[in-house]
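Morning, everyone, and thanks for making the time. I have one model to walk you through today, so let me put it up on the screen.

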Amino acid sequence: MANSILIVEDDLTFATMLKTWLCRKGFQVHTCGGVASACKELKDNDIDLILSDLRLPDGDGTAILDWKRETGSGVPVIIMTSYADIQSAVNAMKNGAFDYVSKPVRPDELLKKIEEAIKSHSSQRNNVKEQSGSVYLENSYMEGKSELARQMYNYVSLVAPTPMAVLINGASGTGKEYVAKRIHMQSKRSHKPFVAIDCGSIPKELAASEFFGHVKGSFTGAITDKTGAFVEADGGTLFLDEVGNLGYDVQVQLLRALQERRIRPVGATKEIEVDVRVVCATNENLLEAIENGTFREDLYHRINEFTLRMPSLQERRDDIMLFANFFLDRANRELGRELIGFDADAAMLLQNYSWPGNLRQLKNVVNRATLLAQGSFITASDLDLPVSGTVGASVQPLYDKDDEKKRILDALQHTGNNKSKAAALLGIDRKTLYNKLKQYGVE
């Protein structure tokens, strides 16, 4: 749930501007124009932070500090003041204000102070929540507000506390690992490790070692003992990304480990008991893979006690600008820029583009535009998105095996045989594309 801020400011224009900016930052914002109305708002609403002008029509910000003392409230207060009244603001801090900012307000400075104040108050109120890692999750990712997003995260909340194995289906770049982390953080295993393995990047000959570990000297190159992912995740959650890329032999070993809850490191003589919850993700149709004999049906049922489908960004058009602004805020911080937002043409282009690479592509596009933009707003030319990528383009993610080869060839032609770009257009990772090319004999 978004943190709630109360702005106490009699300058209606400034208060409205500040509210709009803070809402774009993800806060829930209330406004009022004086001390009396502030006290009523504080009584009627659950407020996480008070942002108050020092001088108000019916008193000043210190009156709110008096209310804090009288009620025993721990809600932090940040005072806004003109340069001439800084000494008064310092005195307010001595009387219980968390901090002050001078007008004209610098947005980056204000946001930093707000986050510090809320974090400090949250830590005092609920140390358990912060230690669990949920604060990290809330600040590093936006879940979106579309109906599809709301429904999916409702399913996450339902399945997370259970011991069920979860299979997350979705195209590349839709945020599957974040959902896996959210399942872990809302589970009874949240105090134990979350270990992620990219199955598409593990060489076939090293897969057993990555999963189960090995002992020194068990094979050429094993110069020390290695702890496998199952032991690292013991008691917690093991996330297997792109599980469809595992070789058949490794699938057999994985199935046995999940069934018996015991593993044997490569070269070891004794088995080790392990207790892990498995969450898997794939951008492939595993039922097709079963029909083709490349994926074991018994393993499929073992890892698929509950299925979550990740909607594509194209299906979540209500969330596109939310994510775009979220990525812009992050890019501003990381690149040392202070861009305000997107102009009208840029916003229209963002909303009409098909986003075959989903959230990952959107993030990369926004990062590049943030670096290149010359003005205060990102323009359509800064985004550098192809017209051919507008909604309705002929290249779409892979779903139907009957025309899968044709779609791959279309994507390769469309990108000048650039396999990385073709994979992004198809909504799959490069490893999967190479597997498909080999399967269809495409050079």
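Let's go straight to D382, which is buried but has no salt bridge. By buried I mean under 20% relative accessible area, with exposed being over 50% and partly exposed in between, using a 1.4 Å probe and protein chains only. A salt bridge here is a side-chain nitrogen of Lys or Arg within 4 Å of a carboxyl oxygen of Asp or Glu. For charge, Lys and Arg count as positive and Asp and Glu as negative, while His and the chain ends are not counted. The nearest side chain of opposite charge to D382 is R368, 7.3 Å away.

Before I go on, this is a predicted model, where local features need pLDDT of at least 70, side-chain atom pairs count only at pLDDT 80 or more, and totals for chains, interfaces and linings use all residues. Residues are numbered from 1 along each chain as its sequence is written, and side-chain values use heavy atoms, with hydrogens and water left out.

So what does lie 2.9 Å from a polar atom of the D382 side chain? That is the backbone nitrogen of T379. A polar contact, for the record, is a pair of N or O atoms within 3.5 Å; within protein, one must be able to donate a hydrogen and the other to accept it, and residues adjacent in sequence count only if both atoms are side-chain atoms. D382 sits in helix 18, residues 380–383. Helices (H or I, at least four residues) and strands (E, at least two) are DSSP runs, numbered from the N terminus. Leaving aside residues up to four places away in sequence, D382 touches R368, A369, L372, A373 and F377, where contact means heavy atoms within 4.5 Å.

Just past that helix is D384, in the loop between helix 18 and helix 19 (404–414). D384 has a positive phi of about 55° although it is not a glycine. Most residues other than glycine have a negative phi. D384 is exposed, at 52% relative accessible area. R261 also has a positive phi, about 55°, and is not a glycine either. You'll find R261 in the loop between helix 12 (248–260) and strand 11 (262–263), partly exposed at 44%.

Now, stepping back to the whole chain. There are 21 helices and 16 strands, and 47% of the 443 residues are buried. Of the contacts with a separation of 6 or more, 70% are between residues 24 or more positions apart. Here is a pair far apart in sequence: R24, in helix 1 (residues 12–24), and N325 are 301 residues apart, yet 7.5 Å apart in space, C-alpha to C-alpha. R24 touches N325, D329 and I340, again not counting residues up to four places away.

On to the sheets. In what order do the five strands of the open sheet containing strand 6 run? The order is 2-1-3-6-7, with parallel pairing. Two strands pair if DSSP finds at least two bridges between them. Strand 2 (28–32) and strand 7 (99–103) are at the edges with a single partner each, so one side of each has no neighbour in the sheet. Neighbouring strands are turned by 20° against each other on average, direction ignored. Axes are lines fitted to C-alpha atoms, for helices over the stretch in contact, and angles run from 0 to 180 degrees between N-to-C directions.

Strand 6 (residues 77–82) pairs with strand 7 over five bridges, and with strand 3 over four. I79 stands opposite Y100, S82 has K103 as its bridge partner, and D53 faces M80. Five of the six residues of strand 6 are buried. Helix 3 (residues 62–71) packs on this sheet, touching strand 1, strand 3 and strand 6, at about 165° to strand 6.

And there's another open sheet of five strands, also parallel, in the order 9-10-13-8-14. Its edge strands are strand 9 (194–198) and strand 14 (306–309), each pairing on one side only. Strand 8 (residues 166–169) and strand 13 (residues 277–282) are joined by four bridges, with I168 opposite A281. Helix 8 (residues 147–159) lies across strand 8, strand 13 and strand 14, at about 155° to strand 14.

That's my tour; over to you for discussion.
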